[in-house]
Amino acid sequence: MNTVIYMDYGRENVISDKIQSILNEQINKEFYSAYLYLAISAYFDEIGLKGFSNWARVQAREEVDHGMILFDYIIERQGSVNLTPITSPEARYGSPLEVFELIYSHEKYVTESINGVANMTDEECDLATRYFINWYISEQVEEESNVDDIIKKLKMFGADKASLYHIDKELLTRAYKPHTYNA
Ligand code: FEO
């Protein structure tokens, strides 16, 4: 039997327990987002929309980056990472427009969550984490805007099969670029 020995280095967290806890919760939400986008990617693939599938797959990888940036930050601040179970996402969705409306409401939820982290840093007078979380605030503005652009296109042209084909081709060009935290 293996014995795991935890060493107590007498290290003190630089971040408060409340900040550590809310950042760990945010890691879970980012990894759940990756799961959600992967499920959506698989769904679009199943119904033959390879471009939509690609878009969601790239988004899933960006969500993993969001989770890892938080993960690295907690470690950098000498805190403890606490990885909790990730809920299973839905596996069945509707039309592309319905899926993107669901994505939009999910991203609004993530934005509120990030705002909650920012408010907590104010309450805890944690200026370093406040500065750090600004990157996520900007990222959410960009994400909501990107999703909104696709919703507008789908509302305008999505009912027409030829137009849907062209939107699908356009979304096939989305390429993954690693997201890094640039303060
Ligand atoms: Fe990491 Fe889509 O929020």
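**Entry 1: the largest pocket**

I began with the pocket lining: helix 4 gives the most to the lining of the largest pocket, with 8 residues. Before going on, a note to self: this is a predicted model, where local features need pLDDT of at least 70 and side-chain atom pairs pLDDT 80 or more, while totals for chains, interfaces and linings use all residues. Numbering starts from 1 along each chain as its sequence is written, and side-chain values use heavy atoms, with hydrogens and water left out.

My helices are DSSP runs of H or I with at least four residues, strands are E runs of at least two, and both are numbered from the N terminus. At least two lining residues come from each of helix 2 (50–76), helix 4 (127–157) and helix 5 (161–171).

For the volume I got about 310 Å³. I looked up which residues sit closest to the centre: of the 19 that line this pocket, they are Trp55, Gln59, Asn146, Ile150 and Arg174. The search runs on a 1 Å grid over the protein atoms alone; a pocket is an open set of points with protein on both sides within 12 Å along at least five of seven lines, and a lining residue has an atom within 4 Å of a point. A cavity would be a set where a 1.4 Å probe fits but cannot get out. Points are joined across faces, edges and corners, and the volume is the space filled by probe spheres set on them.

By class, I noted 10 charged, 6 nonpolar and 3 polar residues in the lining. Here Asp, Glu, Lys and Arg count as charged, Ala, Val, Leu, Ile, Met, Phe, Trp, Tyr, Cys and Pro as nonpolar, and the others, Gly among them, as polar.

**Entry 2: the whole chain**

I counted 5 helices and 0 strands in the protein chain, running α-α-α-α-α from the N terminus on. Along the principal axes, the C-alpha atoms fill a box of roughly 65 × 45 × 25 Å. Of the 183 residues, 43% are buried (buried is under 20% relative accessible area, exposed over 50%, partly exposed in between, with a 1.4 Å probe and protein chains only).

**Entry 3: helix lengths**

I checked two helices against the expected span, 1.5 Å times one less than the number of residues. Helix 4, with 31 residues, should span 45 Å, and its end C-alpha atoms are 46 Å apart, which agrees. Helix 2 has 27 residues and reaches 39 Å from first to last C-alpha, close to the 39 Å expected.

At the start of helix 4, I found a side-chain oxygen of aspartate 126 within 3.4 Å of the backbone nitrogen of alanine 128.

**Entry 4: helix 1**

Glutamine 26 lies in helix 1 and is buried, at 1% relative accessible area. What does its side chain touch? A polar contact of 2.6 Å joins it to the side chain of serine 113. For a polar contact I need N or O atoms within 3.5 Å; within protein, one must be able to donate a hydrogen and the other to accept it, and residues adjacent in sequence count only if both atoms are side-chain atoms.

Isoleucine 22 is also in helix 1 (residues 17–46), and its 16% relative accessibility makes it buried. I took its distance to leucine 164: 142 residues along the chain, 40 Å between C-alpha atoms.

**Entry 5: aromatics**

A search of the whole structure gave me 12 aromatic pairs. In the pair of tyrosine 43 and phenylalanine 44, the ring centres are 5.7 Å apart and the planes at 50 degrees, so I log it as tilted. The criteria: rings of Phe, Tyr and Trp (its six-membered ring) pair if their centres lie within 6.5 Å, with planes under 30 degrees apart stacked, over 60 edge-to-face and the rest tilted. Both tyrosine 43 and phenylalanine 44 are buried. They belong to one aromatic cluster with Tyr37, Phe52, Trp55, Tyr93 and Phe100. I note that Trp55 turned up earlier, among the residues closest to the pocket centre.

**Entry 6: loops**

Which backbone angle did I flag just after helix 2? Glutamine 78 takes a positive phi of about 60 degrees there, although it is not a glycine. Glutamine 78 is partly exposed, at 33%.

Proline 85 is in the loop between helix 2 and helix 3 (96–123), and is exposed at 73%. From proline 85 to glutamate 123, I get 38 residues in sequence and 28 Å in space, C-alpha to C-alpha.

In the loop between helix 3 and helix 4 I found cysteine 125, another non-glycine with a positive phi, about 55 degrees. Cysteine 125 is exposed, at 65%.
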